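Trainee: I am new to this structure and would like to learn how its descriptive terms are earned. Could we take them one at a time?

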Amino acid sequence: MTMKLQGKNIVIIGGSSGVGFETARLALEQGANVTIASRSSERLERAKSNLMGNVKIAVADVSDEVSIQNIFEKHNRVDHVFLPGSTRTLGKILDTHPDKFRQSLEERIFGPLYVVRAAVPKMPKSGSITLVSSINVNRLLPGRTMVAVAAAAVQKLTHCLALELASYSSKCSFFRLGRYPCCS
C-alpha cells in the first residue's frame, strides 16, 4: 500500500466530528500530520483522544478571519486543507429572521475566503483545498432555501477559486454530501 499522505501536513477545519473527523482518522492512518480545528475545545480534545498519530488541535471559528490566520501561522507548510461544512440553518424565508441565516452564510462564503488567503501562501505547488457542498443545491424544499443558496455559493466559489489559484498551481475542488435517492 502506498502512503501518499506520509509526512504531509493537512488542516481540517471542522475536524472534531463527522466527515472531518473521519478524514482526519484516515489521513493519520496514512502517516499525515493533521491539525483539526473547531469552535469547541471540548469536542477537539475528545476527538484528539480518539485519533492515533501526529494530531494537533486548534480552536477556531471559520467565520473569524483572525482565528483562521492563527491556525496557519503555526505551520511552515500546508499540503492540503479540507473544509467539510458549516452550520446549517433551516427555516422558511418569510418565517425566519434573516439574522438566523447569517452564520451559515458567513461560514460558507467568507470562511473559505479566509482559509484560502491564509493557506495558499503556505502551500506547495501540489497543494489542494477541498470544500464541501451539499445535495441541497439541487433539492429545493421549503425551509431549505438558504441552505441551497449557501451550497450553491460553495460550488461557484470553488470554480472561481480554481481559476484564481491556477497561477499558484494549488488545486481547489468541492464535492457534495448527502443521501442521494436510489434509481429504480
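Mentor: Let us begin with a definition: a residue is called buried when its relative accessible area is under 20%, exposed when that area is over 50%, and partly exposed in between. Please keep in mind throughout that this is a predicted model.

Trainee: Why does Asn-70 count as partly exposed?

Mentor: Asn-70, which has its place in helix α3 (residues 65–73), has a relative accessibility of 35%, and because this value falls between the limits of 20% and 50%, Asn-70 counts as partly exposed.

Trainee: What makes β4 and β5 a pair?

Mentor: Two strands pair if at least two bridges are found between them, and β4 and β5 have four bridges, in the parallel sense, so the requirement is met. Within this pairing, Phe-82 stands opposite Thr-130 in β5.

Trainee: How do you know that strand β1 (residues 9–13) also pairs with β4?

Mentor: The cut-off is again at least two bridges, and β1 and β4 are joined over three, likewise in the parallel sense, with Ile-10 standing opposite His-80 in β4.

Trainee: Which residues line the second largest pocket, and what is their make-up by class?

Mentor: Among the lining residues are Ile-10, His-80, Phe-82 and Thr-130, and β4 gives the most to this lining, with three residues. By class, the lining has five nonpolar, four polar and no charged residues, while the volume of this pocket is about 190 Å³.

Definitions and conventions: Residues numbered from 1 in each chain as written. Predicted model: local features only at pLDDT ≥ 70, side-chain atom pairs only at ≥ 80, totals over all residues. Heavy atoms only, no water. 1 Å grid on protein atoms, 1.4 Å probe; cavity = no way out; pocket = protein on both sides within 12 Å on 5 of 7 lines; lining within 4 Å. Points joined across faces, edges and corners; volume = space filled by probe spheres on them. Helix = DSSP H or I, 4+ residues; strand = E, 2+ residues; numbered from the N terminus. Nonpolar A, V, L, I, M, F, W, Y, C, P; charged D, E, K, R; others polar. Buried < 20%, exposed > 50% of the residue type's maximum accessible area, 1.4 Å probe, protein only.
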